[in-house]
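Q: Hi! Could you walk me through this model?

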Amino acid sequence: MTGGVTCSVLLNTVLIFLLIFESVTNGMLYPRESESRQIQELDGMWNFRADTSPSRNVGMAEKWFEKQLAKTGPVIPMPVPSSFNDITTDRKLQHFVGWAWYDREFYAASDWENKRVVLRIDSAHYNTIVWVNGQHVMHHEGGHLPFEEMVNPYLKFGQANWVTVAVNNTLTPHTLPPGSIEYMTDKNKYPPGYFVQNFEFDFFNYAGIHRRVRLYTTPKVYINDITITSRFEGSTGYVQYDVKFGGLGNKTYPFVEILDRNGDTVAKGVSLSGTLHIPSVTPWWPYSMSKDSAGYLYTLKVTLKSESGSHDVYRQQFGVRTINVTDSQILINNKPFYCHGAAKHEDSDIRGKGLDFPLIARDFAMLKWLGVNCFRTSHYPYAEEIMDQADAQGIAVIDESPGVGIRSNANFGNKSLEHHLAVMKELVGRDKNRPSVILWSVANEPASNKPMAQHYFKTVISYTKSLDPSRPVTFVSDAEYDNDVAAQYTDVLCINRYYGWYQDTGHLETIPYQLTYDLEQWYKTFKKPLIITEYGADTVPGLHTMPSYVFTEDYQVDFMRQYHAVFDVFRKKYLAGEMVWNFADFMTVQNVKRVVGNKKGVLTRQRQPKAAAHVLRHRYWSLINETHSLNKSLGL
Ligand code: BDP
């Protein structure tokens, strides 16, 4: 009893600390050029050296950051952004765990001396330390979110500089996702010092500098953060905005304008926060719900002049739309939204999880081809460039944290919880203005049947709601309706189901029984809208049998048809969505259940369709046509 009270006092302290912390931390605006801001890309070939010493700590002990990496030992070229794992032919590097070192040279323009210069890394996996010219600049924990620091004190203006980045992909019980290192001490079976990285998630733990690295400049008094929420009544849009600035306590003269898609000004204001009205507003819609205003984005142009004469301009895109949840539906702009979607991964040949513009464009082309109107960023936050496309193309997103594989007791402790809250704060801070984000998912398949999950998820979910009261919050469960202790705190129930695959393998005829019973029980227990966030069958492309047999393209087709028949009954009731697992094949650890990765994609890893993709496309486009003709008959 006493233990429980102490524990909740501690957690409340953590929460209060984070809430106070929130009001003073930096914003994380995406780097954008403007009249007052310049960007210098640092992507390209960097020097790279993995610290393969048994302790993995020689680089730190010898202070490799104090000189150019090439002077510390042999380096190889490594592309940034990319995962380092699949670039070379070296098996040891593919599976390397520990500190990986990168460096490169760059020039800092002499006229930057009077500006604020920021170094931003859009993401590196997992634990990252950055030095400029041998001096420590920043440290960040977490593999999927951006971090930045002002680097003026470390720069040599008008001269060559060098930046060193050390990235460690080790996962511990307190990282997100969690993992553990296991030392194999039996000398008869393993080489000396042998260890393996264990974790409970089903994708390859790609590592390295995964997203863009940039320097950008701002004036010394600068726009630090912008928060926008919106709603509309009749044809008028109400845009509530809040601008935070940074720099020395100067008097500021803000000027804000809302620009429509054509760049015409539709509203103006002269304070740092307030509500602007857009007459005849065009709301943001998913493309499945509106042909004409799908992905409609406005721009909040903020101009900040300061007493000292400095002048900063930043353009933040946003959409006007509302999200509400009833006991059986998700409403976008007060209309029921049925998610016919796919869960994805950031994953590709050679680059691993490295940002790849052609891949982003191809993925969106295939999402539209399939008729996907919603995807989940399973199982971690995706690159901002992907989220930009979701906003602009009108595809809804369930924005998921890297909380995957939270299963052991050690993953539910205070240290893990504190980090999880900090990650949610970073994620909401990054994506809060995105109209595509309709739901936050704080985790995937945690052990939500363990009693300790109750307090943990109550805390994470309520904290996320406090960060963003405008959106519903969920986590994705693989527990059962009668043992899940955390689902009660969500706004929407999300469950993953594998009837006919992991259970009753090959017995397609059992799917309708088990799925129907399950959906009914979950709804009866919680009275909330439900999304099946995963269902799927591994499928080796090109493998066919008639009648269908597990692992063939034909089985994937038959399997999906069984699910779809049930979905069609429940989507008229409280089923708010269905999401196939997975959009495309992806790499996993080596495992007897996986033949070079997870093959549950309806597309191959190269983004070409399997037979099931055509079935899905037919279904999803029929649903879109149904929605569009319904809108037409309602005069929308
Ligand atoms: C689910 C997980 C997902 C896996 C999938 C599978 O959420 O990450 O890849 O199963 O086994 O449990 O294919």
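A: Happy to. One term first: a salt bridge is a side-chain nitrogen of Lys or Arg within 4 Å of a carboxyl oxygen of Asp or Glu. This is a predicted model, where local features need pLDDT of at least 70, side-chain atom pairs count only at pLDDT 80 or more, and totals for chains, interfaces and linings use all residues. Residues are numbered from 1 along each chain as its sequence is written, and side-chain values use heavy atoms, leaving out hydrogens and water.

Q: Great. Which residue does Asp-225 meet in a salt bridge?
A: Lys-432, side chain to side chain, at 2.7 Å from N to O.

Q: And how is the chain split into domains?
A: The assignment gives domain 1 (1-30 + 373-496), domain 2 (31-217) and domain 3 (220-321). Such bounds come from an automatic or database domain assignment.

Q: How many residues are in contact between domain 1 and domain 3?
A: 22 residues of domain 1 are in contact with 22 of domain 3, contact meaning heavy atoms within 4.5 Å. The area buried between these two domains is about 1600 Å², with 51% coming from carbon and sulfur atoms. That area is the accessible area (1.4 Å probe) that two parts lose on being put together, summed over both.

Q: Which residues of domain 1 lose the most area to domain 3?
A: Leu-29, Asn-433 and Pro-435, which together give 38% of what the domain 1 side buries. The salt bridge count between domain 1 and domain 3 is one.

Q: Switching to sheets: what is the strand order in the open one?
A: Six strands run in the order β3-β2-β4-β10-β7-β8, with antiparallel pairing. The edges are β3 (76-80) and β8 (135-141), each pairing on one side only. From one strand to the next, the twist averages 30 degrees. For the terms, strands (E, at least two residues) and helices (H or I, at least four) are DSSP runs numbered from the N terminus, and two strands pair if DSSP finds at least two bridges between them. Axes are lines fitted to C-alpha atoms, for helices over the stretch in contact, and angles run from 0 to 180 degrees between N-to-C directions.

Q: How many bridges join β4 to β10?
A: Ten, between residues 99-108 of β4 and 159-168 of β10. One of the partnerships is Tyr-107 with Ala-160 of β10.

Q: What about Thr-128, is that buried or exposed?
A: Thr-128 counts as buried because its relative accessibility is 0%; buried is under 20% relative accessible area, exposed over 50%, and partly exposed in between (1.4 Å probe, protein chains only). Thr-128 sits in β7 (residues 127-132). Beyond its neighbours within four places in sequence, its contacts include Met-138, Phe-147 and Val-165.

Q: And why is β5 described as largely enclosed?
A: Six of the six residues of β5 (116-121) are buried, so the rest of the structure largely encloses that strand. Arg-116, Val-118 and Arg-120 point one way, while Val-117, Leu-119 and Ile-121 point the other.

Q: Which strands does β5 pair with?
A: β5 pairs antiparallel with β14 (residues 213-218) over six bridges, where Ile-121 partners Val-213. Four bridges also join β5 to β9 (residues 147-150), again antiparallel, and Leu-119 partners Glu-149 there.

Q: Last one: where is Thr-322?
A: Thr-322 is in the loop between β21 (311-318) and β22 (323-325), and is buried at 15% relative accessible area. Thr-322 and Asn-334 are twelve residues apart in sequence and 7.2 Å apart in space, C-alpha to C-alpha.
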